[in-house]
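Please prepare a briefing on how the helices, strands and nonpolar cores of this structure fit together. The structure is shown first, and the notes follow by topic.

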Amino acid sequence: MPEPLRFDRLPVTGALAAHVESCWFMRGASAAALPEGHRILPDGCMEIVFQLGAPFLELGGDGRWHEQPARLLVGQMTRRVEVRPGGEIDTVGLHFHPAGAAAFVEGSMKRFRDCIGDLDAALGEDLAPLAARLRQSRSNASRMALLMAWLQGRLRPGDAPMAEASRLLQLAAGQLDIPSLGLALGLGERQLRRRFETAVGLAPKRFARLLRFQRVFEQQRESDATVWAQVALECGYFDQAHFNRDFRAFSGLAPRQLLADADPLTAFFLSVSSKTARAA
């Protein structure tokens, strides 16, 4: 039998909760705990990940598996990425709100789009000492406390109007007129796009498309064709063909194929309703 994989998520509270949605933890004794690997799909948020066990492997465009850095900055993704563990799994992650990473990372978030890169290089900081302290702290609560203290030291002013714009789009599940959103914030469409890409990493319209894609998993996980047609309309798609195009653009798969092959973590990360849940 496969070895059990444990996954926990703790919501962030206090002042940092305006920028960071949650801290998550994943443990497994070996790669056998996640035998089929993990499919990372776009979810509209950036992450910071510390691999305290063995680094993960990422499937490259050349069809070969490449070892990832031990500490990762995960930018906004617009396509799927296949990863698999390289050995013991001991992972700690920070899941930001859509505009949250910009409060801790200098410069435009747009430059990290579709990039899973070395965190130390992105921040210009040697994080090996922090990783060592995280490795020594075995409880989730103590690890989270270390990360919150580290983030507090990096906190910088974010773009509050863009954080509000992303929040309004989330509340509307992407079904919000972008020019009207700009007018409500006192911004023209070009200015909104430029500032939104800097703070969030994606253009507002693409971010809205991602939210509709994500909404599918909250509405329905059944694979019956009639159900999918209904889901497409409920999630703001013009028709099922429009829905299928977006689904393939973001996941590379048809809806039924994705859900049939989804590993438990894929379903968990994409579930809008489980963002502050705790799973094991």
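Helix α3 (residues 140-154) has 15 residues and reaches 21 Å from its first C-alpha to its last, close to the 21 Å expected at 1.5 Å a residue, where the expected span is 1.5 Å times one less than the number of residues. This is a predicted model, in which local features need pLDDT of at least 70 and side-chain atom pairs count only at pLDDT 80 or more, whereas totals for chains, interfaces and linings use all residues. Residues are numbered from 1 along each chain as its sequence is written, and side-chain values use heavy atoms, with hydrogens and water left out. Helices (H or I, at least four residues) and strands (E, at least two) are DSSP runs numbered from the N terminus.

**Helix α3**

- The buried residues of α3 (buried means under 20% relative accessible area, exposed over 50%, partly exposed in between, with a 1.4 Å probe and protein chains only) are N140, R143, M144, L147, M148, W150 and L151.
- These residues lie on the same side of α3 because they cover an arc of only 165° around the axis, the arc being that of the directions from the helix axis to the C-beta atoms.
- On the other side of α3, residues A141, A149 and G153 are exposed.
- The buried residues of α3 pack against β1 (6-11), β2 (20-28), β4 (47-51), β9 (89-96), α1 (119-123) and α2 (128-136), contact meaning heavy atoms within 4.5 Å.

**The sheet**

- Six strands form an open sheet in the order β1-β2-β9-β4-β7-β10, with antiparallel pairing; two strands pair if DSSP finds at least two bridges between them.
- Because β1 and β10 (116-118) stand at the edges with a single partner strand each, one side of each is left without a neighbour in the sheet.
- The twist averages 20° from one strand to the next, with axes taken as lines fitted to C-alpha atoms, for helices over the stretch in contact, and angles running from 0 to 180 degrees between N-to-C directions.
- Helix α2 packs on the sheet, where it touches β4 and β7 (71-74), and its direction makes about 65° with that of β4.
- Helix α3 also packs on the sheet, touching β1, β2, β4 and β9, and its direction makes about 135° with that of β2.

**Strands β2 and β9**

- Strand β2 is mostly covered, as eight of its nine residues are buried, and it pairs with β1 over six antiparallel bridges and with β9 over eight.
- Within β2, W24 stands opposite R9 and also opposite G93 in β9, while F25 stands opposite V92 and R27 stands opposite D90.
- Eight of the eight residues of β9 are buried, so this strand is largely enclosed by the rest of the structure.
- Both faces of β9 are covered, with I89, T91, G93 and H95 on one side and D90, V92, L94 and F96 on the other.
- Strands β4 and β9 pair in the antiparallel sense over five bridges, and E47 stands opposite H95.

**Nonpolar cores**

- Of the 32 residues in the largest nonpolar core (a set of buried Ala, Val, Leu, Ile, Met, Phe, Trp, Tyr and Cys residues joined through side-chain atoms within 4.5 Å), F50, L94, L147 and W150 touch the most other members.
- At least two residues of this core come from each of β2, β4, β9, α1, α2 and α3, and α3 gives the most, with five.
- Apart from this core lies another, of 24 residues, among them A165, L192, L210 and F213.
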